[in-house]
Amino acid sequence: MNIGIDKIGFAAPNYVLDLADLAQARNIDPNKFKLGLLQSQMAVAPVTQDIVTLGAQAAQAILSEKDKEQIDMIIVGTESSIDQSKAAAVFIHGLLDINPFARSIEIKEACYGATAGLILAKTHIAQHPNSKVLVIASDIAKYGIASAGEATQGAGAIAMLISADPSILILHNDSVCQTRDIMDFWRPNEDKYPRVNGKFSTEQYTDCLTTTFAEYQKRTGKKLADFAAMCLHIPFSKQGLKGIQAIAQEDSKTLNRLTERFQEAIVYNKIVGNIYTGSIFLSFLSLLENSQSLKAGDNILFYSYGSGAVCELFSGHLVSGYQQHLQPDRLHTLNQRTPLTVEAYEALFFEEIQVDETGQAVDLPVDETDFALVDIQDHKRVYRKK
Ligand code: HMG
């Protein structure tokens, strides 16, 4: 049975910061961000936008009423949870009015979580071919003012509908994973922002890729030349490029082709920033919507990496007519976001919700987006769908 991605959608907050402005404010050469990290903008979320509202918005953009009846599992991959107990998927299930007889869960393993969700969804469909699974990757990446990671922040959500006989990508059965118990990036409960061993994390990203790719080749017999493109986890675009260079260095023809496709695969990531577990799928969406060279049947190799660390290499091929299930004007929409000054970004990004002694939110800003956090009552988050 063919199982894979039937639909894919994306949502980002409506605010954006230009990294040239950030560089100027931090007294850094703008080329460090533009050329050194290959990033030009980052999405900024107000307190009324979180993993629930962004995830719901991304899913609403792709789901039909029939899909909502057929979905019997919702999986949210995230490392920006809004509750230590209740899954964001349960809030999203309610907001989207999905079939009540569904399983709704949240998965965490840094930027790898949603890939685990995708593989779980595939296993579920193999047993229940008539069902559909909604996999959402939703995160808000914050490193802190003037931190080394500041220019790599971002926010956004990807939603994917996983089904039998999908319209976009058929997944292959060739996954190879690796787990390494390392401290390259982690977020202790007592800390607001992650702790990062930046250089070590970049080395681990690449080393996990090269060693897992060697194992992948050994087990599957596939070569890099078999793939038309590669989509990787993109903490910042330069990291993904270095990943491709690390495994393709001995095959210049393949390296050139994968590098050309990679430029198409980072069009959105460059102006959204790191959305953690959704970054690899944002890159896939960017590739699909910005490449004129891809065609049905092309094989795509995926490298998912989550700090801590867990990684997975897997692949799929494009389905005939996949182009009809995309949104070609997405770049135009992203370019309509409201630009922020650095002062406005600092105020917005680090604004915190105040809750009084009764658990009631105080002075929560009004948010006109389709899905928004509108109140906290008795410590319960209240969401509104327009
Ligand atoms: P840094 O140490 O300040 O930057 O922060 P740097 O000095 O290494 O410079 C970065 C690049 O800019 C270098 O390029 C410089 O040469 C270049 P490279 O040599 O590496 O190719 N550069 C310039 N280029 C042109 N003109 C200039 C200029 N100046 C410098 N004037 C660091 C970099 C990645 C450490 C920082 O951004 C950081 O800590 N980021 C967060 C951690 C991260 O993203 N790690 C990536 C791998 S781990 C991962 O992907 C998982 C993650 O997503 C979390 C999860 O799984 O949940 C992070």
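This passage describes the surroundings of the ligand in a predicted model.

In the predicted structure, the ligand is surrounded by 27 residues, and the closest of these are Lys32, Glu79, Cys111, His233 and Lys242. By residue class, this shell comprises 10 nonpolar, 12 polar and five charged residues. The space that the ligand takes is the second largest pocket.

With regard to secondary structure, at least two residues of the shell are supplied by each of four elements, namely the helices α2 (30–36), α7 (198–220) and α8 (237–248) and the strand β13 (299–306). Among the contributors to the shell, α7 gives the most, with four residues. At the level of domains, at least three shell residues are drawn from domain 1, which spans 3–170 and 328–385, and at least three from domain 2, which spans 172–323.

Polar contacts to the ligand involve both side-chain and backbone atoms of the protein. An oxygen atom of the ligand lies 2.5 Å from a polar side-chain atom of Lys242, a residue that is also listed among the closest to the ligand. A nitrogen atom of the ligand is placed 2.8 Å from a polar side-chain atom of Ser201, whereas for Ala148 the contact is made by a polar backbone atom, at 3.2 Å from an oxygen atom of the ligand. The ligand taken alone exposes 1100 Å², of which the protein buries 72%.

Conventions
Residues are numbered from 1 along each chain as its sequence is written. This is a predicted model: local features need pLDDT of at least 70, side-chain atom pairs count only at pLDDT 80 or more; totals for chains, interfaces and linings use all residues. Side-chain values use heavy atoms; hydrogens and water are left out. A residue is near a molecule or strand if one of its heavy atoms lies within 4 Å of it. A polar contact is a pair of N or O atoms within 3.5 Å; within protein, one must be able to donate a hydrogen and the other to accept it, and residues adjacent in sequence count only if both atoms are side-chain atoms. Accessible areas come from the Shrake-Rupley method with a 1.4 Å probe; for residues, only the protein chains shown count as cover. On a 1 Å grid over the protein atoms alone, a cavity is a set of points where a 1.4 Å probe fits but cannot get out, and a pocket is an open set with protein on both sides within 12 Å along at least five of seven lines; lining residues have an atom within 4 Å of a point. A molecule sits in a cavity or pocket if more than half of its atoms lie within 2 Å of its grid points. Ala, Val, Leu, Ile, Met, Phe, Trp, Tyr, Cys and Pro count as nonpolar, Asp, Glu, Lys and Arg as charged, and the others, Gly among them, as polar. Domain bounds come from an automatic or database domain assignment.
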